[in-house]
Amino acid sequence: MNIILLGPPGAGKGTQAKRLEDKHGLVQLSTGDMLRAERASGSELGRKVQAVMDAGQLVSDDLIIDLIAHRLDGLRAKGFILDGFPRTVPQAEALDRLLHDKGLKLDRVIEMAVDEGALIDRIAGRFSCAKCGASYHDRNHRPKAEGVCDVCGSKDFVRRADDKPETVKARLEAYRAQTAPILPYYRKMAVLRSVDGMADIDEVGRQIEAVLKGG
Ligand code: AP5
Ligand code: MG
């Protein structure tokens, strides 16, 4: 099963991708996480993308397509969840070509429909495990044991540099202008389904399961 989770910043893509990894053994491919790892490693690529990410803008299509291309290899048996990619029409077209060349197919594109007004609050309250990346929220989703990651037991948590309200506004604008136009592209391919991203985390998970079972 190969799927895309599509939605604006804070829609819950990362949260649901982690659940799908646990439940179905799929592999999460988050371009945002890959870029943050490049930054943390101090690589040339990481330094190149830093200012663009911190301004809430999209990094260039060529760079992102290169980043994702070789990660699709070897995933045939497991299946993957694309989280944060594609994000522009040229990226969606490049993904089609990559999948075709690798003999892979896209099963579902799941749009996480959300009310933009709720997103700034969601993002402002977000923190993640520094070790495994599991995502939490100050109010909506705290670790079961205070200060301990539910998934890996780590006690280190981080907040993202681009989660300041003014940067989130720029990220939402980039979503509206550059990413939302890919919805009609996938509607035409008849793989697009929508779930209610405003429901609670478990309910969103149930709706995604229903889509994967053929809904
Ligand atoms: P990226 O890392 O992809 O960020 P994003 O798309 O802005 O999305 P987020 O990670 O902020 O949100 P999410 O949907 O994963 O929500 P989460 O599950 O964490 O990209 C970052 C940057 O990298 C971009 O701005 C760009 O510069 C660059 N980039 C990345 N990919 C690129 C590409 N393809 N092309 C060009 N540039 C690219 O949930 C958010 C919070 O809400 C959490 O606290 C969570 O606990 C809580 N929550 C989740 N679900 C619910 C719910 N149902 N109810 C209540 N709370 C919830
Ligand atoms: Mg994310």
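Guide: A residue is buried when its relative accessible area is under 20%, exposed when it is over 50%, and partly exposed in between (1.4 Å probe, protein chains only). The model is predicted, so local features need pLDDT of at least 70 and side-chain atom pairs pLDDT 80 or more, while totals for chains, interfaces and linings use all residues. Residues are numbered from 1 along each chain as written, chains are lettered from A and ligands numbered from 1 in written order, and side-chain values use heavy atoms, without hydrogens and water.

Visitor: Which residues of helix H4 are buried?

Guide: In H4, residues 61-69, the buried residues are Leu-63, Ile-64, Ile-65, Leu-67, Ile-68 and Ala-69. Their cover includes strands E2 (27-30) and E3 (80-83), together with helices H2, H3 and H5 (89-102). Helices (H or I, at least four residues) and strands (E, at least two) are DSSP runs, numbered from the N terminus.

Visitor: What makes H4 and H5 roughly parallel or perpendicular to each other?

Guide: The angle decides. H4 and H5 pack at about 30 degrees, with their axes 10 Å apart. Axes are lines fitted to C-alpha atoms, for helices over the stretch in contact, and angles run from 0 to 180 degrees between N-to-C directions. Under 35 degrees counts as roughly parallel, over 145 as roughly antiparallel, 65 to 115 as roughly perpendicular, and the rest as oblique. H4 and H5 are therefore roughly parallel.

Visitor: Which residues make the contact of H4 with H5?

Guide: H4 supplies Asp-61, Ile-64, Ile-65, Ile-68 and Ala-69, and H5 supplies Pro-90, Gln-91, Ala-94, Leu-98 and Lys-102. Contact here means heavy atoms within 4.5 Å. By class, these residues are seven nonpolar, one polar and two charged. Ala, Val, Leu, Ile, Met, Phe, Trp, Tyr, Cys and Pro count as nonpolar, Asp, Glu, Lys and Arg as charged, and the others, Gly among them, as polar.

Visitor: How do you know whether H2 and H4 are parallel or perpendicular?

Guide: H2 and H4 pack at about 95 degrees, with axes 11 Å apart. That angle falls in the perpendicular range, and therefore the two helices are called roughly perpendicular. Thr-31, Met-34, Leu-35 and Glu-38 of H2 meet Leu-63, Ile-64, Leu-67 and Ile-68 of H4. The contact of H2 with H4 comprises six nonpolar residues, one polar and one charged.

Visitor: Why is H2 called oblique to H3?

Guide: The axes of H2 (residues 31-41) and H3 (residues 44-54) come within 8 Å and cross at roughly 120 degrees. This angle belongs to none of the named ranges, so H2 is oblique to H3.

Visitor: Is the crossing of H2 and H3 left-handed or right-handed?

Guide: The crossing of H2 and H3 is left-handed, whereas H4 passes H5 in a right-handed one. A crossing is left-handed if the near helix is turned anticlockwise from the far one by less than a right angle, and right-handed if clockwise.

Visitor: Why is Arg-171 called buried?

Guide: Its relative accessibility is 11%, below the limit for a buried residue, and so Arg-171 counts as buried. Arg-171 belongs to helix H7 (residues 165-179). Apart from residues up to four places away in sequence, Arg-171 touches Pro-9, Gly-56, Ile-123, Arg-126, Arg-160, Asp-162 and Asp-163.

Visitor: Where does Arg-126 lie, and what makes it buried?

Guide: Arg-126 is in strand E5 (residues 126-129). With 15% relative accessibility, Arg-126 also meets the limit and therefore counts as buried.

Visitor: Is Asp-115 buried or partly exposed?

Guide: Asp-115 has a relative accessible area of 45%, between the two limits, so the residue is partly exposed. Asp-115 lies in the loop between strand E4 (108-113) and helix H6 (119-124).

Visitor: Why is Ala-190 called exposed?

Guide: At 51%, its relative accessibility passes the upper limit, so Ala-190 counts as exposed. Ala-190 sits in the loop between helix H8 (182-188) and strand E8 (192-196). Phi of Ala-190 is near 65 degrees, a positive value in a residue other than glycine.

Visitor: Where is the peptide bond that is cis?

Guide: The bond from Phe-85 to Pro-86 is cis, with omega near -5 degrees. Pro-86 is in the loop between E3 and H5. Most peptide bonds are trans, and most residues other than glycine have a negative phi.
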